[in-house]
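Student: I am new to this structure and would like a close look at a single part of it, the place where its domains meet. Could you take me through that part slowly, in one connected answer?

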Amino acid sequence: MTLAERMYNLGTETAFEVLAKARALEAQGRDIIHLEIGEPDFDTPKHIVDAGVRALQEGYTHYGPTPGLPELREAIARNSREVRGIDTDPGQVVVTPGAKPIMFYVILALAEPGAEVIYPNPGFPIYESMIRFSGATPVPMQLLEEKDYHPDLNDLATKITDRTRLIIINSPENPCGSALTKDELETIANLARGKNLYVMADEIYKDILYTGEHFSIAAFPEMAKQTVILDGFSKSYAMTGWRLGYGIMPEELVPHITRLAVNSVSCAASFSQRAAIAALDGPQDDVQAMAAEFAQRRRLIADGLRSIPGINCPEPEGAFYVFPSIKETGISSAEFEERALNEAGVALLSGSAFGAFGEGYVRLSYANSQENIKTALERLSGFVESLV
Ligand code: PMP
């Protein structure tokens with residue numbers, strides 16, 4: 001069977017593969033602690049679930065308009081004006097099943113052979129996968145351990161060329177847990193402004209931030225014209241399974257992104273969209289409570305990892321990931337992933353799954369209870385001791 005050439009350029013997200021391996025070990029009776037998967041361990045807040053159930057009963061079980069229900073696009077625009085301070089029109093919003101399709105569509109709409117796309121590395125693996133799939137050249141913006149996983153912006157300046165169509169930023173960042181400062185965002189805005197390129201700002205972890213306030217690059221002068229904001233409900237509201245996300249973009253892009261949606265998914269689930277309105281317009285206490293719990297776990301896991309000889313762990317600033325260096329253990333990231341699972345019963349991800357600059361690191365998601373995190377730390381401590 002002959003596959004299309006482009007299929008050989010498509011990558012993947014290994015979290016789902018490691019999860020499957022961990023589940024297979026559990027089926028054999030092994031006790032595994034899951035620090036591999038990037039989803040909140042909390043249930044969706046009750047008032048949101050109730051709104052979803054009500055929507056099903058009210059008949060929101062049909063196709064809806066491709067870019068989203070008008071009342072949700074309005075709620076998203078209102079929310080964006082409030083939290084980002086950006087003048088956002090509902091006509092700039094496209095709602096999709098999860099935020100991932102926005103990433104997919106924006107890259108497909110802008111990138112092609114001969115074009116270049118700058119993206120964070122280590123970074124969410126789907127960026128590089130999609131850039132390669134589009135035929136464009138991926139240009140990594142390295143996040144440096146010695147800078148607590150912030151990029152060198154002088155280096156970024158040299159990477160922007162006439163061929164650059166898109167610069168992807170992600171803050172707070174998966175897998176490094178770093179968050180760009182307002183000054184850094186301003187520098188990036190100054191580099192991008194007026195050039196024939198867009199910025200895609202993946203702000204999906206904006207509500208899980210431990211230092212300062214979230215700031216959007218689109219809020220700098222003239223930048224809304226060049227920025228696609230990617231956001232959604234999976235992380236902020238523990239709604240991964242509802243599959244709901246959105247992009248906020250310059251109006252000129254909306255018909256193109258909508259056409260890609262018509263060609264692929266038609267629309268996001270109507271009842272999920274009704275629940276999302278309750279998420280945005282309802283009380284935000286649950287969001288804050290989840291973020292506060294993540295903050296405690298961050299302390300526990302970052303301090304715990306640092307106390308293990310052979311592990312170095314920069315301070316995470318946001319999201320629910322730590323990205324410690326395992327270089328002193330002398331084994332590769334992939335071997336560490338395999339052996340931590342098999343020998344220590346801790347499922348985590350090889351840093352190399354997040355790009356070439358992730359070699360020498362592993363990612364642990366602390367979307368798990370403090371009790372489980374403590375046990376995982378004990379197990380990892382014994383495991384690393386056996387290596388160094
Ligand atoms: N961006 C980043 C950086 C992510 O980590 C994720 C989910 N792991 C997404 C986007 C997409 O999330 P979803 O499709 O569930 O909205």
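Tutor: Domain bounds, on which everything below about domains depends, come from an automatic or database domain assignment. The model itself is a predicted one, and within it the protein chain is divided into domain 1, which takes in 5–43 + 285–387, and domain 2, which runs over 46–281. Between the C-alpha centres of domain 1 and domain 2 there is a distance of 25 Å.

Where the domains meet, 37 residues of domain 1 are in contact with 33 residues of domain 2. On the side of domain 1 that touches domain 2, the elements that give two or more residues are α10, at 285–306, and β10, at 321–322. Of these, α10 gives the most to that side, with 6 residues. Sorted by class, the residues of domain 1 on the side touching domain 2 are 20 nonpolar, 9 polar and 8 charged.

The loop between α10 and β10 deserves a pause, for it is the place of Ala319. Although Ala319 is not a glycine, its phi is positive, at about 60 degrees. Most residues other than glycine have a negative phi, and most peptide bonds are trans. Ala319 counts as buried because 29 other C-beta atoms lie within 10 Å, where 20 or more are enough for that label.

A useful counterpart is Ser266, which sits in the loop between α8 (254–264) and α9 (270–281). Ser266 also has a positive phi in a residue other than glycine, near 70 degrees, but Ser266 is exposed, since 12 other C-beta atoms lie within 10 Å and the label applies at 12 or fewer.

Two peptide bonds can be set beside these backbone details. One joins Asn121 and Pro122 and is cis, with omega about 0 degrees; Pro122 has its place in the loop between β3 (116–121) and α5 (125–134). The other, from Asn174 to Pro175, is likewise cis, with omega near 15 degrees, and Pro175 belongs to the loop between β6 (164–170) and α7 (182–192).

Finally, there is the ligand to place in your picture. Around the ligand are 13 residues, of which Gly98, Ala99, Lys100, Gly232 and Ser234 come nearest. The shell around the ligand, taken by class, holds 3 nonpolar, 8 polar and 2 charged residues.

How values were computed:
Residues numbered from 1 in each chain as written. Predicted model: local features only at pLDDT ≥ 70, side-chain atom pairs only at ≥ 80, totals over all residues. Near = placed C-beta within 6 Å. Nonpolar A, V, L, I, M, F, W, Y, C, P; charged D, E, K, R; others polar. Contact = placed C-beta atoms within 7 Å. Helix = DSSP H or I, 4+ residues; strand = E, 2+ residues; numbered from the N terminus.
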